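This report is meant to be read alongside the sequence and the coordinates. It deals with the ligand and its surroundings, and then with the protein chain as a whole.

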Amino acid sequence: MINILMFGPPGSGKGTQSVTLAEKYNLLHLSTGDMLRAELAAGTPLGKKMEAIMAAGELVPDDVVIAMIAGKIDATTGKAGFIFDGFPRTVEQAEELQKMLEGRGMKIDLMLVLEVNDTELMDRMKKRALVSGRADDADENIINNRIAVYRAKTEPVIVFGRKAGVSRSVDGVGTIDDIFGRLCKEIETVI
Ligand code: AMP
């Protein structure tokens with residue numbers, strides 16, 4: 001099994017790239033953002049509880065996303081591994097994921113860090129807002145808050161990845177195909 005963390009700020013292309021990488025390498029794509037939005041759309045009690053946090057661009061509690069991920073890992077068969085998109089977003093989540101995988105005879109094999117500057121991120125999210133319908137893409141202040149939350153709470157996970165010897169920095173600016181090629185090159189060093 002191969003486990004890849006797709007890492008980077010909001011708007012860096014994690015979701016777009018994860019979908020095609022998952023297809024190419026037969027990995028299960030696990031996006032906590034997509035899972036949470038599905039809860040919201042279905043109007044579940046959990047979704048209702050998380051709605052305001054997500055709309056403000058803050059992080060939902062660690063235990064909520066950890067439980068979601070644990071459920072998926074245990075229920076999955078027939079895949080070559082997992083690609084985690086938007087998770088872990090705190091050092092606590094990273095430590096829990098590592099424990100969860102180790103307890104099942106697996107590990108984090110690779111952490112791909114997409115590097116994109118803030119001006120480009122803002123541009124991309126504003127464009128995405130026109131088609132995604134996401135409340136957290138539509139407002140410049142919320143986008144800025146999501147970037148600030150990333151720098152404060154999520155970026156420290158890169159140090160975790162470096163210590164584990166799995167983090168690789170990838171230029172996230174260019175065409176979708178070019179960036180895909182750069183990511184594949186890194187993945188092929190570990191498979
Ligand atoms: P995303 O689609 O990954 O940008 O996530 C959208 C929103 O869902 C985030 O701004 C958070 O409010 C929430 N979220 C998604 N993944 C996580 C996570 N791993 N930890 C905490 N909150 C998350």
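How do the residues of the shell around the ligand divide into nonpolar, polar and charged? In this predicted model, the shell is made up of six nonpolar, four polar and five charged residues. In total, 15 residues surround the ligand, and the closest of them are Thr32, Arg37, Glu58, Gly86 and Gln93. Helix 2, which spans residues 32–42, gives the most to this shell, contributing four residues.

Polar side-chain atoms of three residues can be paired with atoms of the ligand, as listed here.

| Residue | Ligand atom | Distance to a side-chain N or O atom |
|---|---|---|
| Thr32 | nitrogen | 2.8 Å |
| Arg37 | oxygen | 2.9 Å |
| Arg134 | oxygen | 3.2 Å |

Taken alone, the ligand exposes 480 Å², and the protein buries 96% of that area. The space that the ligand takes up is the largest pocket.

As for the protein chain as a whole, its secondary structure comes to 10 helices and five strands. The radius of gyration of the chain is 16 Å, close to the 16 Å that the globule rule gives for 191 residues, so the chain is as compact as a globular protein of that length. Taken along the principal axes, the C-alpha atoms of the protein chain fill a box of roughly 40 × 40 × 30 Å.

Terms used:
Residues are numbered from 1 along each chain as its sequence is written. This is a predicted model: local features need pLDDT of at least 70, side-chain atom pairs count only at pLDDT 80 or more; totals for chains, interfaces and linings use all residues. Side-chain values use heavy atoms; hydrogens and water are left out. A residue is near a molecule or strand if one of its heavy atoms lies within 4 Å of it. A polar contact is a pair of N or O atoms within 3.5 Å; within protein, one must be able to donate a hydrogen and the other to accept it, and residues adjacent in sequence count only if both atoms are side-chain atoms. Accessible areas come from the Shrake-Rupley method with a 1.4 Å probe; for residues, only the protein chains shown count as cover. On a 1 Å grid over the protein atoms alone, a cavity is a set of points where a 1.4 Å probe fits but cannot get out, and a pocket is an open set with protein on both sides within 12 Å along at least five of seven lines; lining residues have an atom within 4 Å of a point. A molecule sits in a cavity or pocket if more than half of its atoms lie within 2 Å of its grid points. Helices (H or I, at least four residues) and strands (E, at least two) are DSSP runs, numbered from the N terminus. Ala, Val, Leu, Ile, Met, Phe, Trp, Tyr, Cys and Pro count as nonpolar, Asp, Glu, Lys and Arg as charged, and the others, Gly among them, as polar. The radius of gyration is taken over C-alpha atoms; the globule rule is 2.2 Å times the number of residues to the power 0.38.
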